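User: Please pick one part of this model and take me through it slowly. I'm a first-year student, so keep it friendly, and show me how that part connects to the rest.

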Amino acid sequence: MGEALVMAETGNVVTAAAPTGHWMHNLDPVALDLGFFEIRWYSLAYLAGIILGYIYLLRLIKKPGAPMARRHADDFVFYVTLGIILGGRLGYVLFYKPMDYIADPIAILRLWDGGMSFHGGLIGSALAVLYLVKKNGLSFLRVSDYALMCTPFGLLFGRLANFVNGELWGHPTTVSWAVRFQEPPGGQVWGPPRHPSQLYEAALEGVLLFLVLWLLFTFTRARWKPGLLTGVFLIGYGVSRFAVEYFRVPDDHLQGLAAQSGLSMGQWLCVPMLLLGLYLIFTARGRDPIVVGAGGAIEAPPPDDDEYESQPDRK
């Protein structure tokens, strides 16, 4: 990787200071430019997360103990996609820039300008799952368990796209893996070496959280305890996001909140997630599992765990 330069701007002139050994972020957020239309990595990240999540869900529901059939999964991906997009956008509007969008409500529709909230997308997805289970007589918590098993794909690709975009960077640091970003994103001034907090979140919320959920699903009876995997996801995401926020620079318009309260907006939004996650984990054992067979018929859980685990997967 090339040697980075510390840049400073005087009027319209950009000057270079002494070179450093930190990498200078120069990734292009546009994956394909057709002249009249651009395809951005951020859009592809959403698409990849949804597609891989759907493929993974189809694998999960073939295993013993599935709470839904294939036809439910097909409806699920449509409803949840709407929930992610609408909830993510409205969550950003309400949680991060409510006054800006009150002054210019049409800007809410300009998705290409950016601005999505994971917490809003999570609420939107939860409402989508609630509609699906009410429509089909399924278990909300068990469907939620399977849905959140697939969520780390979107988190991983989304945070990688944030890194490619050169946004949501971390505080200045002297660590050897620090990165210099264009400040503001797409500008001509190179800022100080910063924590690549986007990559921290990708590793924790995407890779590590996926592995934890996969291990619990594969080698324990977690999927038979409604709400347990949901609780683990909420705790895993909440702890990861809460910790990384200490390395991440708050949005400009929310730095006052962080300075006054000691916590960023992202951390405050994680608090109810952590509390709900703890509740779901500690109460999971007392709930009765509901199983949906391959044809969509509701079945009772098996009386003997070992006997059921020895059955072949549903096709």
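Analyst: Let's start with Leu155, which counts as buried because its relative accessible area is 7%, and the cut-off for buried is under 20%. Keep in mind that this is a predicted model. Leu155 sits in helix H5, so that helix is our part, and we can work outwards from there.

Who does Leu155 have across the way? Its C-alpha atom is 9.0 Å from the C-alpha of Val207, although the two residues are 52 apart along the chain.

Now for some charges. Side chains of opposite charge can pair when their charged atoms come close. Here, Arg159 and Glu205 make a salt bridge, with 3.5 Å between their closest N and O atoms. That pair ties together distant stretches of the chain: Arg159 belongs to helix H5 (residues 140-165) and Glu205 to helix H6 (residues 197-219), with their positions 46 residues apart. You might picture charged residues out on the surface, but Glu205 and Arg159 are both buried.

Helix H6 has another link to show you. Glu201 pairs with Arg241 in a salt bridge whose closest N and O atoms are 3.9 Å apart. Again, distant parts of the chain are joined, as Glu201 is in H6 while Arg241 is in helix H7 (residues 228-244), 40 residues away in the sequence. Glu201 and Arg241 are buried as well. Now put the pieces together: salt bridges with shared partners connect Arg159, Glu201, Glu205, Arg241, Glu245 and Arg248 into one network. So a walk that began in helix H5 has taken us through H6 and on to H7. In the whole structure there are nine salt bridges.

What about covalent links? A disulfide is a covalent bond between the sulfur atoms of two cysteines. A search through the whole structure turns up zero of them. Two cysteines to look at are Cys150 and Cys270. Cys150 is classed as buried because its relative accessibility is 7%, and Cys270 is buried too, since its value is 0%.

Next, follow the chain out of H5. Leu168 is found in the loop that runs from H5 to strand E6 (179-180). Most residues other than glycine have a negative phi, and most peptide bonds are trans. Leu168 goes the other way: it isn't a glycine, yet its phi is positive, near 55 degrees. Leu168 counts as partly exposed because its relative accessibility is 27%, and that class lies between the cut-offs of 20% and 50%.

Thr174 is also in the loop between H5 and E6. Thr174 counts as exposed because its relative accessibility reaches 75%. From Thr174 we can jump to His22: the two are 152 residues apart in sequence, but their C-alpha atoms are 9.1 Å apart in space. His22 has its place in a loop of its own, between strand E2 (13-20) and strand E3 (23-24). Unlike Thr174, which is exposed, His22 counts as buried because its relative accessibility is 15%. The His22 side chain also reaches over to Val175, with 3.1 Å to that residue's backbone oxygen.

Let's go a little further along the chain from His22. Strands E4 (residues 30-33) and E5 (residues 38-40) run antiparallel and pair over three bridges. One of the matched pairs is Asp33 with Glu38 in E5. The two strands make a hairpin with four residues in between, and Gly35 in the turn has a positive phi of about 90 degrees. Glu38 also uses its side chain, making a salt bridge with Arg40 at 3.4 Å, N to O. Remember that Arg159 and Glu205 are buried; by contrast, Arg40 is partly exposed because its relative accessibility is 36%, and Glu38 is partly exposed because it also has 36%.

One last stop is helix H1 (residues 41-60), where Trp41 lies. Trp41 counts as partly exposed because its relative accessibility is 40%. Trp41 joins Leu44, Leu47, Ile51, Leu52 and Ile55 in a nonpolar patch on the surface, and together they have about 510 Å² of accessible area. That's a nice contrast to end on: Leu155, where we began, is a buried leucine, while Leu44 is part of a surface patch.

Note on methods:
Residues are numbered from 1 along each chain as its sequence is written. This is a predicted model: local features need pLDDT of at least 70, side-chain atom pairs count only at pLDDT 80 or more; totals for chains, interfaces and linings use all residues. Side-chain values use heavy atoms; hydrogens and water are left out. Patches are made of residues with over 30% relative accessible area and no salt bridge: like charges are joined within 9 Å, nonpolar side chains (Val, Leu, Ile, Met, Phe, Trp, Tyr) within 5 Å. Accessible areas come from the Shrake-Rupley method with a 1.4 Å probe; for residues, only the protein chains shown count as cover. A salt bridge is a side-chain nitrogen of Lys or Arg within 4 Å of a carboxyl oxygen of Asp or Glu. Buried means under 20% relative accessible area, exposed over 50%, partly exposed in between (1.4 Å probe, protein chains only). A polar contact is a pair of N or O atoms within 3.5 Å; within protein, one must be able to donate a hydrogen and the other to accept it, and residues adjacent in sequence count only if both atoms are side-chain atoms. Two strands pair if DSSP finds at least two bridges between them. A disulfide is a pair of cysteine sulfur atoms within 2.5 Å.
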